Amino acid sequence: MHGNGLISETWTVVVQGHVGNIRSLASHETFEIDSEIDGVLGAVSLVTFLEASRTRNFCSKGGSWLSLCLVSPLQGSRPVPFQALRHLETSLHPVLEGDSLALTGLDFEFAGKTVSVTLDIPKKLKNLLKREQEAWTGQRAQNLEQLKKAGIEASASILDSLDSGTPISYILGKHRFYGLDFIVSPAVMIPKPGTEVLLQSVIQKTHSLRGAEGSGGVRRNPHVLDLGTGSGCILVSLLQSPHLKNSRGLGIDLSKDALEIAKQNAAKHGLITTTNSNRIIFGETSFEGLPKYLETEYSKAVKEPFDYIVTNPPYLEAKLWESDRLYSSQKHEPRIALVGGDDGLEAYRQIYRALSKTSEIGYLCKGSVLFVEVNNGELAKKVETLFCGSANVIRDDDKLSEGWRFIRVDVDGKGIERCVVFEWK
């Protein structure tokens, strides 16, 4: 019956945008969608607008709004299977991905009689709108307070930018991370709290080597390589730490604009000066271009191997970037810093290959430690397998002379895996 279009469904859905504002509708007023489905014309869906709320997390062309609607085939027309939802996907109001729809009505013919089944709108859908409204209200209050402290007028254009999901840090031009202020722009990803776990992992390793010169191959003043440096927040924060106060580092990135921001941050914190005492060098290259850059450029200034390699590479799947499941603020950050190919692992593969070649030219040594940021346990396991899979794993009884050995995974205060640690052997 369903396949022949003999069942008429009513769905309660959460859609993107403010349907009332876009369609000039009051609550419980309706509009129709009649676009063709699989070449079939004549199917018409009736959409009833119920209510809308502001949202902090989901933005669309309709602005930072979500709407609750009912949608069903227009009475008297022959419905197409899944017509209501398919019509919405072709409209200005796509259904929010995730747990944001519920079947709340069925109409069909049985034994010559019309049978109607109606269910209440699930509380989860109304609660979703309520939570988003509360989150938006709280975020807006914080943003206005930050603008006030910075002496920036909350003009209509700035409020529109905030409503579109633009992070407040981009408007302020700065972001505080690990106790330091960093310059940021849309050319760089905004530093995240989860990245602090990586810094703590590095500092913990350095602290454990105090008084043990040469232990594990790592020197007291470690030489640091930052892959995909972005704003430079990781490398600058590390070299500003008392534990690495005499260390030097290299940060690479493919983006010229990002490197300009990184240089400004290094200079801001005294790591690049007008003298020749620079403790940081920044280089423009891709992950896979690292070995060539080291041989042709970096070797002119520094020839010693890296003790620490740190990286927060792009790890989002491409399909996630294209979906509406991202926080709206992430859509304003540079795609190149977030998306790691179709499966989210391409940057990790490139790093693995590049570091293998780096060892061949003397920039890795026995005991060099790699700190890799992840965002959950599933990704941590994939990264561990990639660097220490069956073909690459190093164990005490292995005859292989070099490769990565898995050390541990460090977690944040909520128990979420954030940093995978390896050692070169």
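**How many nonpolar, polar and charged residues are in the lining of the second largest pocket?**

Welcome to these exercises; please keep in mind that the model is predicted.

## Exercise 1: The second largest pocket

Task: Describe the second largest pocket by its volume, its central residues, its elements and its residue classes.

Solution:
- Step 1. Start with the volume, which is about 590 Å³.
- Step 2. Look at the lining, where 36 residues take part; the closest to the pocket's centre are G228, D253, P314, I336 and A337.
- Step 3. Find the elements that supply at least two lining residues each: helix 7, strand 10 (248-253) and helix 11 (346-360). Helix 11 has the largest share, with three residues.
- Step 4. Sort the lining by class to settle the opening question: 18 residues are nonpolar, 13 are polar and five are charged.

## Exercise 2: Two helices that pack

Task: Work out how helix 6 and helix 7 pack, and which residues meet.

Solution:
- Step 1. Locate the helices: helix 6 covers residues 196-208, and helix 7 covers residues 233-240.
- Step 2. Take the geometry. The angle of packing is about 35 degrees, and the axes are 10 Å apart. The crossing of helix 6 past helix 7 is right-handed.
- Step 3. List the partners. From helix 6 come L198, L199, V202 and I203, and they meet I234, S237 and L238 of helix 7.
- Step 4. Classify these contact residues: six are nonpolar, one is polar and none is charged.

## Exercise 3: The largest cavity and F82

Task: Count the cavities of 30 Å³ or more, then explore the largest cavity and one residue of its lining, F82.

Solution:
- Step 1. The count of cavities of 30 Å³ or more is two.
- Step 2. For the largest cavity, the volume is about 70 Å³. Twelve residues line this cavity, and E9, P73, V80, F82 and Q83 are the closest to its centre.
- Step 3. Strand 1 (8-16) and helix 2 (83-89) are the elements that give two or more residues to this lining. Strand 1 gives the most, with three residues.
- Step 4. By class, the lining of the largest cavity has eight nonpolar residues, three polar and one charged.
- Step 5. Now zoom in on F82, in the loop between strand 4 (65-73) and helix 2. F82 counts as partly exposed because its relative accessibility is 44%, which falls between the 20% and 50% cut-offs.
- Step 6. Compare sequence with space: F82 and S8 are 74 residues apart in sequence, while their C-alpha atoms are 9.0 Å apart in space.

## Exercise 4: Buried or exposed?

Task: Decide whether E322 and Q330 count as buried or exposed, and name their contacts beyond four places in sequence.

Solution:
- Step 1. Place both residues. E322 lies in helix 10 (residues 318-322), and Q330 sits in the loop between helix 10 and helix 11.
- Step 2. Recall the cut-offs: buried means under 20% relative accessible area, and exposed means over 50%.
- Step 3. Apply them to E322. Its relative accessibility is 57%, so E322 counts as exposed.
- Step 4. Apply them to Q330. Its relative accessibility is 18%, so Q330 counts as buried.
- Step 5. Add the contacts, setting aside residues up to four places away in sequence. E322 touches K331 and R335. Q330 is in contact with L316, W321 and L338.

How values were computed
Residues are numbered from 1 along each chain as its sequence is written. This is a predicted model: local features need pLDDT of at least 70, side-chain atom pairs count only at pLDDT 80 or more; totals for chains, interfaces and linings use all residues. Side-chain values use heavy atoms; hydrogens and water are left out. Axes are lines fitted to C-alpha atoms, for helices over the stretch in contact, and angles run from 0 to 180 degrees between N-to-C directions. Helices (H or I, at least four residues) and strands (E, at least two) are DSSP runs, numbered from the N terminus. A crossing is left-handed if the near helix is turned anticlockwise from the far one by less than a right angle, and right-handed if clockwise. Contact means heavy atoms within 4.5 Å. Ala, Val, Leu, Ile, Met, Phe, Trp, Tyr, Cys and Pro count as nonpolar, Asp, Glu, Lys and Arg as charged, and the others, Gly among them, as polar. On a 1 Å grid over the protein atoms alone, a cavity is a set of points where a 1.4 Å probe fits but cannot get out, and a pocket is an open set with protein on both sides within 12 Å along at least five of seven lines; lining residues have an atom within 4 Å of a point. Grid points are joined across faces, edges and corners, and a volume is the space filled by probe spheres set on the points. Buried means under 20% relative accessible area, exposed over 50%, partly exposed in between (1.4 Å probe, protein chains only).
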